[in-house]
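Hi,

Here is the structure I promised to pass on. Have a look at it first, and then read my notes below.

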Amino acid sequence: MAKPREVFVCRTCGAVQSRWLGKCPDCGAWDSLEGERVEKSAGRDPQRGVVEAWRASGADVAELMVEAKAGAAGAPVAVPIAQAAGKQSPARRLVTGIGELDRVLGGGLVPGSVVLIGGDPGIGKSTLMLQAAGLMGTAGTSGHEVHRVLYVSSEESAEQVRMRAARLGAAASPGLFVLADTNLARIVEQTRKVAPGVLVIDSVQMIYKADLDAAPGSVAQLRRCAAELVYLAKLSGIAVVLVGHVTKEGRLAGPRLLEHLVDAVLYFEGDRYHAHRILRGVKNRFGTTLEIGIFEMTGSGLKEVPGGLGVGVLDGDPSAREAKVGAVVCPVMTGTRCVLVELQALTATGFIGAAKRKSSGLDPNRLAMLIAVLEQHAGLRLADRDVFASSVGGLRVGEPAADLPLLMAIAGAHHRRAVSPGTAAVGEVGLGGEVRAVTQIEQRLREAGRLGFARVLVPASQTNVKAGGVEAVPVKTVSQAIEELA
Ligand code: TYD
Ligand code: MG
């Protein structure tokens with residue numbers, strides 16, 4: 001008999017290697033490879049466990065099955081695409097009642113789909129899902145229907161979940177069911193009994209399958225449990241939400257392993273020490289991944305931050321604030337919305353040849369490029385200066401339109417000068433020191449105007465755009481922009 005083959009799977013990124021290595025060659029994580037037995041002969045169908053459990057329940061299965069038409073065996077058959085509709089109309093969405101979450105999902109949860117919500121421990125994933133579950137289980141003020149939601153907690157006891165729900169105002173939700181269990185078979189069984197529209201598994205890393213010879217939290221368990229839950233969703237039309245902790249290191253397999261399995265992947269980001277949280281879609285089979293949702297963590301749960309409020313910018317009228325050295329506000333586009341973000345820079349004495357360039361929430365390559373442009377085209381000497389740059393509030397800013405404000409923040413920090421209060425800036429900086437046009441300038445100006453900014457420095461080619469009652473100040477070159485620093 002052939003020996004069972006063993007492969008090694010990275011707990012962080014899911015890459016498969018044929019032998020053990022100290023460092024994953026794909027993602028660079030150390031000591032993250034874990035052995036996984038490949039059973040050739042067993043030929044176990046990962047769908048079998050769920051299907052059997054579901055089938056055993058009897059009559060209502062056929063009705064629930066998406067592939068009901070496929071015949072007694074339940075195997076799917078090829079059909080013309082026009083007839084490929086399941087039981088659920090594809091346009092139907094389960095609105096969660098949290099506007100920011102719905103927008104990132106593309107309008108709500110799709111029945112029969114699986115959504116993965118990842119994020120660092122303690123960022124607020126459980127809070128968000130419990131709030132959403134509570135709202136879905138209640139007749140909404142916004143008029144959405146009541147859905148039955150089963151919230152499976154594999155980390156907390158039912159009592160703990162109830163206490164948290166009470167704090168979040170979700171404890172009296174008539175449609176919300178709680179189950180504290182980690183055994184997949186029992187969870188499927190309870191799901192069948194409750195017959196919810198939405199099933200939340202918090203967290204999927206703690207779930208295990210008893211017949212699998214691997215520890216809970218291992219790569220093999222996580223993959224297998226998630227695959228069965230995906231199949232459960234397809235089979236029953238239940239929208240499944242999987243919560244997964246991002247693990248820097250340690251024993252838990254990370255949610256990135258599951259990205260290819262699920263229909264949508266959302267990451268909950270933000271600085272644990274800041275109140276703002278950002279929900280970002282990185283994969284979505286039913287919508288765009290450009291959208292973000294902004295939340296604020298308060299004593300009574302997560303509060304939505306309505307349409308494009310400035311992150312870390314707004315405390316009072318921007319024109320009334322005092323000028324800040326080394327800080328420039330930028331209207332940043334994220335999906336269809338504009339967010340005002342303060343970019344900050346600091347220069348300090350460093351050593352030539354070993355000067356530090358550090359950034360937080362910004363692209364380090366972009367920072368290096370802007371420093372080079374400042375040296376070449378604005379005559380700044382930064383070779384022996386450490387340069388630190390960050391985007392305030394924890395929003396990651398990646399778009400080139402943030403070049404100009406970041407460059408001005410660095411120059412301002414170096415010369416100890418500031419832009420006048422109530423002034424924002426936007427523009428891409430080219431290697432020749434020219435300021436280039438950006439997309440959606442009108443929306444950026446409108447948003448800046450709405451939040452009280454009086455002037456926005458814009459690329460010279462775009463001064464014809466008028467919006468929001470703000471003064472669009474043309475800048476053609478980097479040196480011209482630096483003259484704006486008073
Ligand atoms: P949690 O949702 O448990 O994070 P995760 O599930 O992602 O691990 O909670 C995150 C943090 O939020 C927790 O440490 C405390 C804080 N928090 C509040 O500030 N207000 C609240 O109402 C709740 C429920 C939590
Ligand atoms: Mg949690």
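A quick definition before we start: a residue counts as near a molecule if one of its heavy atoms lies within 4 Å of it. Keep in mind that this is a predicted model.

Let's begin with the ligand. Ligand 1 is surrounded by 17 residues, and the closest are Gly122, Lys125, Ser126, Thr127 and Thr298. What kinds of residues make up the shell around ligand 1? Nine are polar, four are nonpolar and four are charged.

Some contacts involve oxygen atoms of ligand 1. A side-chain N or O atom of Thr127 sits 2.5 Å from an oxygen of the ligand. The backbone takes part as well: a polar backbone atom of Gly124 is 3.0 Å from a ligand oxygen, and for a backbone N or O atom of Ile123 the distance to a ligand oxygen is 3.4 Å. On its own, ligand 1 has 560 Å² of accessible area, and the protein covers 75% of that. Three elements give two or more residues each to the shell: helices α4 (125–136) and α5 (158–168), plus strand β11 (292–298).

Now the cysteines. How many disulfides does the structure hold? Zero. A disulfide is a covalent bond between the sulfur atoms of two cysteines. So why do Cys13 and Cys27 not form one? Their sulfurs are 3.6 Å apart, which is too far for a bond, because the cut-off for a disulfide is 2.5 Å. As for their surroundings, Cys13 is buried, with a relative accessible area of 16%, while Cys27 is partly exposed at 32%.

Cheers

Key. Residues are numbered from 1 along each chain as its sequence is written. Chains are lettered from A and ligands numbered from 1 in the order in which they are written. This is a predicted model: local features need pLDDT of at least 70, side-chain atom pairs count only at pLDDT 80 or more; totals for chains, interfaces and linings use all residues. Side-chain values use heavy atoms; hydrogens and water are left out. A polar contact is a pair of N or O atoms within 3.5 Å; within protein, one must be able to donate a hydrogen and the other to accept it, and residues adjacent in sequence count only if both atoms are side-chain atoms. Accessible areas come from the Shrake-Rupley method with a 1.4 Å probe; for residues, only the protein chains shown count as cover. Helices (H or I, at least four residues) and strands (E, at least two) are DSSP runs, numbered from the N terminus. Ala, Val, Leu, Ile, Met, Phe, Trp, Tyr, Cys and Pro count as nonpolar, Asp, Glu, Lys and Arg as charged, and the others, Gly among them, as polar. Buried means under 20% relative accessible area, exposed over 50%, partly exposed in between (1.4 Å probe, protein chains only).
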